[in-house]
Amino acid sequence: MVRWRSVAPMIGQTLDHYRVVEKIGEGGMGVVYRAHDEVLNRDVALKLLAPGAIDKVGRDHLLREAQTASSLSHPNICTIYQVGQTDKDFYVVMELIEGRSLTELVATMALSMETVMRHGVQIADALAHAHERGIVHRDIKSSNVMITPEGRLKVLDFGLATRLATEEVGDLTLSHDSLESKLVGTLPYMAPEVLRGQKGDHLSDLWALGILLYEAAATVQPFRGKTGFEISSAILREPPPPLPAAVPHGLAAVILRCLAKEPAGRYQRASEVRAALEALQGALLQSRQPHPSEETRGPRTLVLRGMEHLTVKNGDVLLMVGTNKGAFLLRSSRERARWDVAGPYFHGQGINAMAYDARNGRHRLWVSTNNVMWGTFLRSSDDFGRIWTNPLEASIRFPTDSGASLKNIWQICVGREEAPDTLYCGVEPAALFESQDGGESWCLVRGLYEHPHRPRWMPSNGGLLLHTIVADRHNRELMYVAISSGGFYRTEDGGATWQARNSGIRVVFAPEKFPEFGQCVHKIALHQSRPERLFLQNHWGIYRSDNRGDSWQDVAHGLPSDFGFAIVMHPHDPDCVYILPVESDEFRCTPEGHLRVYRTRNAGGSWEALTRGLPQKGAYETILRDAMSPDSLDPAGIYFGTRSGKLYASRDEGKSWKKILDGLPQILCVKAAIIQMDGAPAPKRHSEARPAAKRKSAHAQNAKRRNRR
Amino acid sequence: MMQVIFHIPGPLREFTGNRGVVQVEAKKGANVREALQTLFVAYPGLRDRVLTESGETRQHVNIFVGNENVRYTGGLTTALSAGAEISIVPAISGG
């Protein structure tokens, strides 16, 4: 038996720079604590290995395994940050994962087959990543798989948990007594060859994946028994019991192939399992039988969505396009001459906000999906749209005491590089939410929500919304937001307090023309190389501030209209700004049917019309506030989408334009990003503002369970 | 205790293991809100899609007991009898 010392003395102690906070779980190898990383100011999971485990397996061996596992970097694998040892202790520091294990999910709710496949694809992808690097898990089981509140799946304990287990397999199969040990939970996942005493390899991981998928689809494990002998005997000799009729034939076939008794009869690679499950995902809709009550409810359209996804390479340009009927993704090489298109994702839903988060080695797409019936959810993908999270519960929600309900998410803003788990969302009704754990949990920024001005903010045409979040990359306490109609607000203390800064910005819809607040600001822009200067598109008026918003000057010299929505900075030139004027608030279309981008290269001193390639006759277009975006290449690319569903691109900083897509639904947002893969040299960074804030996190309160083992 | 039956619309069956009809056990004399709470415990993905975080039925979701929209019978406090059939139905809307 493995033994470890009493838990209590560990609480409050510090190992290296990790302060142990509380015990959150325990397993065959030791105890898991929540600890606080005092250097990086974040919570982590710290697994303190039991002395017995170290004695049995050997310190050097454990260290080597943990170090190997720490080389894995995959969105579905719990990241190991550090392995360490003191005189007495050997410990592993890893990502703190909040959520529920697959075991708990299967026990409490019926998973749809679509969910089973989505989880299966992610586990298979994690295994493929590890196997390609020569790392075998050896203890795949549903309790080692966590589903975060955001719906992301994480495989725990790569290369860690089972060295001991495999050493003890011999004992287990021979002794009834040992079945009382911690290893009982693992036995039902053991492959026949492992029970015969062979060391587990990548094919025994695939067997365990088959058991796990069977369990998720049927809610029971295939090989059961009252004793270890009965379970072992079933694993070695009996075929898996038939799966329930609700399990699609294709999924059943994948599971049974994983459960071939002879390793040679199984899939030979995890990537084959992934590919098989992905193919089934597309076909699931076709095989779904309509419920009898559906058939009596009138005609139906069955759209078979065999979607082509993007294959994205390092250095590619990615365009995220949100429409009122779904999201589209486009990719191109750096030449930006030809674009591949994928979508629509989230059929029929309004996509007001999208973002790309490349911090900390991620390739995460964020999207807010607004279903007019079923509400707004924040979702993400780590593989450029193949799999999206689908959280059970909304992660952004107003606290009960506010009495408010989320209507829409208008802006998703990734935080500074130095705070890679910080994100912000601007929502309707106007409020700012913050996440400090990579988007798993969110808190209302009370300093702004409880501002005394709030009761007098007025809904604009689109509602009362916080649609723009901009922050100073150099000063983590400084951040700006824009609210329609509330105006421009600034915080200098990381969000604790906010001040209206609208001096000089005109209001046309109230008797007082220059009030302290209440302006209908449409968008703001900032270049990080000149952080004291801001540009602002108002509901009538283009403004510039040279003092972080303390005062504003009208810079709409010679424009055909100073009404408009979108305003973006050139990525490398802080004096260069792009806008798309529309005629008026009554006739929100491009003036006189000319589709013209206007550019200033002297910070608003003068403006020039950019027309080459854009229609100059009968083009009554509207470009919404988030529907224009620059990329960060040189020469810069500028992209915008129209309400009529046309997508235009310039790859020469606006000199010439090309329509790259037509016939989309109303375009609500366009975001461009340059993809940077692991280990590749960094291309020039996108200059979009990155906000900063530091406050005590209240996320712990939201946590249900963490890194349970 | 009493049994009540929920009819789940197609878009939400992802959260009920593809079941279109779900039977739950509610306490005797339960109202719609209490029966929904029982449903949400079994199928947690439904809660935030049917109700707002302040506990109101979403604007474009209708809940029927039998053939009657609960908007006209006391909303979520509408009392249920054993065997009641509750339908969650998306409203006519779009754009």
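# A walk through the two-chain model

Met479(A) stands opposite Thr491(A) in strand S22 of chain A. Before going further, some housekeeping: this is a predicted model, in which local features need pLDDT of at least 70 and side-chain atom pairs count only at pLDDT 80 or more, while totals for chains, interfaces and linings use all residues. Residues are numbered from 1 along each chain as its sequence is written, and chains are lettered from A and ligands numbered from 1 in the order in which they are written.

Back to that pair. Met479(A) belongs to strand S21 (residues 479-484) of chain A, which is joined to S22 (residues 487-491) by five bridges, the two running antiparallel. Strands here are DSSP E runs of at least two residues and helices are H or I runs of at least four, numbered from the N terminus; two strands count as paired if DSSP finds at least two bridges between them. Another bridge partnership between these strands is Val481(A) with Tyr489(A), and two residues sit between S21(A) and S22(A) in their hairpin. On to strand S20: six bridges join S20(A) to S21(A), again antiparallel, with Thr468(A) opposite Ala482(A). Put together, four strands make an open antiparallel sheet in the order S20-S21-S22-S23 (chain A). S20 (465-471) and S23 (499-500) are the edge strands, each pairing on one side only.

How enclosed is S21(A)? Six of its six residues are buried, so the rest of the structure largely encloses it. Buried means 20 or more other C-beta atoms within 10 Å of the residue's own, exposed means 12 or fewer, and partly exposed is in between, with C-beta atoms placed from the backbone. Met479(A), Val481(A) and Ile483(A) cover one side, and Tyr480(A), Ala482(A) and Ser484(A) the other.

Strand S10 (residues 317-323) of chain A is also mostly covered, with seven of its seven residues buried. Val317(A), Leu319(A), Val321(A) and Thr323(A) point one way, while Leu318(A), Met320(A) and Gly322(A) point the other. S10(A) pairs antiparallel with S11 (residues 326-332) of chain A over seven bridges, and the two form a hairpin with two residues between them. S10(A) also pairs antiparallel with S36 (residues 667-674) of chain A, over seven bridges. Gly322(A) is a handy residue to click on: its bridge partner in S11(A) is Ala327(A), and in S36(A) it is Cys669(A).

Those three residues lead to the core. Leaving aside neighbours within four places in sequence, Met354(A) is in contact with Gly322(A), Ala327(A) and Cys669(A), among others; a contact means C-beta atoms, placed from the backbone, within 7 Å. Met354(A), Ile524(A) and Ala566(A) have the most contacts inside the largest nonpolar core, which has 111 residues. Such a core is a set of buried Ala, Val, Leu, Ile, Met, Phe, Trp, Tyr and Cys residues joined through C-beta atoms within 7 Å. Its largest share, seven residues, comes from S36(A). A second, separate core of 105 residues includes Met10(A), Leu46(A), Ile255(A) and Ile86(B).

Ile255(A) sits in helix H10 (residues 249-258) of chain A, where Leu251(A), Val254(A), Ile255(A) and Cys258(A) are buried. They span an arc of only 95 degrees around the axis, which puts them on the same side of H10(A); the arc is that of the directions from the helix axis to the C-beta atoms. Helix H1 (residues 32-42) of chain B has its own buried set: Val32(B), Ala35(B), Leu36(B) and Leu39(B). Here the arc is only 100 degrees, so they too are on the same side of H1(B).

Where the chains meet, 25 residues come from chain B and 24 from chain A. Helix H2 (residues 47-50) of chain B gives the largest share of the B side, three residues.

For contrast, try His557(A), in the loop between strands S27 (553-554) and S28 (563-569) of chain A. His557(A) is exposed, with 12 other C-beta atoms within 10 Å.

Finally, confidence: chain A has a mean pLDDT (the predictor's per-residue confidence, from 0 to 100) of 85, and 85% of its residues reach 70 or more. Residues 161-185 of chain A fall below 50, though this stretch has 49 contacts in the model beyond near neighbours in sequence. Where pLDDT is low, the predicted coordinates should not be read in detail.

Definitions and conventions
Two residues are in contact if their C-beta atoms, placed from the backbone, lie within 7 Å.
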